[in-house]
Amino acid sequence: MTSYDDWNKVDDEDDEELQDISLYESKRDVILFCIDCSPSMLEMCEDDRYEDVQTCKLMVALEAAMQIQKKKVLVGPNDAVGIMLFNTTKSNENEKDNADIKQGTYVYQSIATIDAPKVMELVNLLDEARSNPEVLEEMFPPMTGRRIALGDVFTSCNWVMRHDAPKTATKRIFLITDEDNPHPGPSGHRLMTSARTTLIDLVQAGVTVEPFFISTDEKPFDPDTFYSSVLLATNLTDLDGAEDDGPASILPESISITRVEELLAQMRFHEVPKRALFSVPFTLAPGFVIGVKGYGLITEQKKGSYRYFADLGDRMEPVTSRTAYVDEDRDAEADKAEILFGMDLGAPSADWDDADGRDASGLSVGGRAVQLGSRVFYTADEVRSFRTLGLEPGIKLLGFKDRSELAFEDNVKHSVFVYPDEMTYSGSKRTFTALLKTMIKKKKVAIVLSLMRRNASPVFCAVLPQAEKVDESGWREPPGFHLIPLPFADDIRAAPQQKGFRASDDLVESARKWIEKLKVKNGSYPPDSYPNPALAYHNAQLEASAFREDFDLEAFEDLTVPKLDMMHKRAGKLIQEWKQALVEDETANIVAAPAAGRKRKADTQEVAIDENEVRRLYDGDQLRKLRVEDLKNFLKSKSEPVSGKKEDLVERVADWLDAHP
């Protein structure tokens, strides 16, 4: 089995208990748009968005690529995008340097970091194409009478990725076509096998292919004709249902677009890369281990971070920040290897010498003799070992429970979606699928001990199975496990329970009528339909500035604004009737009188001051520095009287110390 020597390597500088999401957000994303340029993609049709303007599928695909580029300029300035067309006779420049680029493919924009001039080049091309529909066909003449082999398309994609994409980046190919059978005829099976073999090479190089199939009434697209036998199955159900030597019955991870206008919406949704939060072993039993990856289903999308610039008069230079630890005594920067972590044990002594604890770096972890009121020091490795309890990253199965025993209030944090990782342990998918189906059938949840990263703390989690679901709109929820962190006893709080007055049945029925009229469609809130308005407004202004466009405030649409006119039309009369009933109902006008309040005395805990501290002050003739409460507590702990003024208490303490040397 493959070892996990490179599990979640974290820089030594990361001392946070929970890993910040910037670790995987900082990873660059690379997208290569691979767009079919066949004659059917260039057929002109009316554009519903503009009056007296014609468009084609190729133009819509290029516009979708342009919109993704614009978005990445703002939210992913380190990401890279490229555009490659296939089934065109246009040849690449410097063909000697691009020997692996097959004929019939043309790299319009090589993979490079997004910048405004690159986007404007595509914007100008689309503007010209709208005024002159023949521009695209003249610039990218299509192949007629034949098509390039799909295997050659993947070979060209592989070369572009290897040549231009960073090795550590998340690499994806957006394949856009409207041809469901690119290779009809007797050579179709051979070309199909060649395409699948070439695609496997792409996947092994860390590249993911996400297809976008354009299907219209005039030209329907059937994935089972060709592509279901070429593209690799990533769905557990498809994998389990396929024969060992046969293709999967359903093409997974594919987007079938029935309207050309939907292409941009689908790309915007799938543009966000699927990055694994962790990759760890899942121990089912001693010696029985599979590989799994965890994915965050919900991650807050934030505004792009600002950078700092120094104004040098004639130019602006970017500046960076760094953290430095300074020794105040020497007024010099301290070596990071000398930095220790200190914690207070009680209140420091009045004359405690800070240097007494600094020689603790050579001590080992465990019981450590520390002077009372002093500070205990630990090295970074010791602090890390306390956090992880000496465990290695992984998930260990502890047992099973009935699904009904998983309470709603146990879900205190975001769950993580767990999916098998076949690249680390062979057979992980089939074992994972068998466990998933069995738990769904028996209505069980698993309890596991999970350590997701090296710098995290182990937590107990519930593993909730999820079967595959497909809704009416075609949205598909994949099968897998939800890893739900469970609370510890220290995390549980008791909620105060207060009883209120119950509304009458007539009042409840009156409210139910208008609530029924305002129910959300299908009884659920689709979050993918409502972008964050504050974030969208911020990005729209940045986009206008970056591309020297005028920001039109009136054109900005906030989809979260309630449709008050429609609400009033549907339920306005019922709401007015309910408000009138509310005024007339006697129980609704009862106001609970607040309970008579009383001041709570501060909790004073009588703690006797340490005898060694008192003796130290006595030896220095400094007993008067102690407070009256400290003197009384000390005398009370020695069964001495506590009456009198402070001078009497000081004298009484001194007498006791003299009598007990």
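F386 is partly exposed, at 36% relative accessibility. This is a predicted model, and F386 is where I will start. The ring of F386 pairs with the ring of Y378, with the centres 5.0 Å apart and the planes at 85 degrees, so the pair is edge-to-face. Y378, for its part, counts as buried, at 18% relative accessibility. The cut-off for buried is under 20%.

Now the helix α9, which runs over residues 380–388. Its buried residues are E382, R387 and T388. What follows α9? The helix is followed by L389, whose phi is positive, near 60 degrees. L389 is not a glycine. It sits in the loop between α9 and β17, the latter covering 394–402. L389 is exposed, with a relative accessible area of 62%.

There is another residue of this kind to show. S639 also has a positive phi, near 60 degrees, and is a residue other than glycine. Its place is in the loop between α15 (628–637) and α16 (646–659). Is S639 buried or exposed? At 69% relative accessibility, S639 counts as exposed.

Back to the rings. The structure holds 16 aromatic pairs. One of them is F226 with Y227, an edge-to-face pair at 5.2 Å centre to centre and 85 degrees between the planes. F226 is buried, with a relative accessible area of 1%, and Y227 counts as buried at 2%. Both residues belong to an aromatic cluster that also takes in F213 and F221.

One ring has a charge over it. The charged end of K90 sits over the ring of Y106, 5.4 Å from the ring centre.

Next, the nonpolar cores. The largest has 36 residues. Which of its members touch the most others? They are F33, I35, L58, I83, L122, L136 and F140. Several elements give two or more residues to this core. The strands among them are β1 (29–36), β4 (80–86), β5 (105–113), β6 (170–177) and β7 (207–214). The helices are α2 (57–75), α3 (116–131) and α4 (135–139). The largest share, nine residues, comes from α2. A second core, separate from this one, has 32 residues and includes M161, L175, M192 and V207.

Now a glycine. G151 is found in helix α5, which spans residues 150–164. At 4% relative accessibility, G151 counts as buried. What does G151 contact, leaving aside neighbours within four places in sequence? The contacts are S194, A195 and T198. In the same part of the chain as those contacts, take R196. R196 is 45 residues from G151 along the chain, and their C-alpha atoms are separated by 7.3 Å.

On to the cysteines. How many disulfides does the structure hold? The count is zero. A disulfide is a covalent bond between the sulfur atoms of two cysteines. For C157, the closest cysteine sulfur is in C34, at 3.8 Å, which is too far for a bond. The cut-off applied is 2.5 Å, so a pair has to have its sulfur atoms within that distance to be counted. C157 counts as buried, at 0% relative accessibility. C461 is likewise buried, at 0%.

Last, confidence. The chain averages a pLDDT of 78, and 78% of the residues score at least 70. Two stretches are worth marking on the structure. Over residues 1–26 the pLDDT stays under 50, and the model has 48 contacts for this stretch beyond four places in sequence. Over residues 600–604 the pLDDT is also below 50, and that stretch has zero contacts beyond near neighbours in sequence. Where pLDDT is low, the predicted coordinates should not be read in detail. That applies to the contacts counted for residues 1–26, where pLDDT stays under 50.

Note on methods:
Residues numbered from 1 in each chain as written. Predicted model: local features only at pLDDT ≥ 70, side-chain atom pairs only at ≥ 80, totals over all residues. Heavy atoms only, no water. Helix = DSSP H or I, 4+ residues; strand = E, 2+ residues; numbered from the N terminus. Buried < 20%, exposed > 50% of the residue type's maximum accessible area, 1.4 Å probe, protein only. Contact = heavy atoms within 4.5 Å. Core = buried A, V, L, I, M, F, W, Y, C linked by side-chain atoms within 4.5 Å. pLDDT = per-residue confidence, 0-100. Phe/Tyr/Trp six-rings, centres within 6.5 Å; stacked < 30°, edge-to-face > 60°. Lys NZ or Arg CZ within 6 Å of the ring centre and 35° of its normal.
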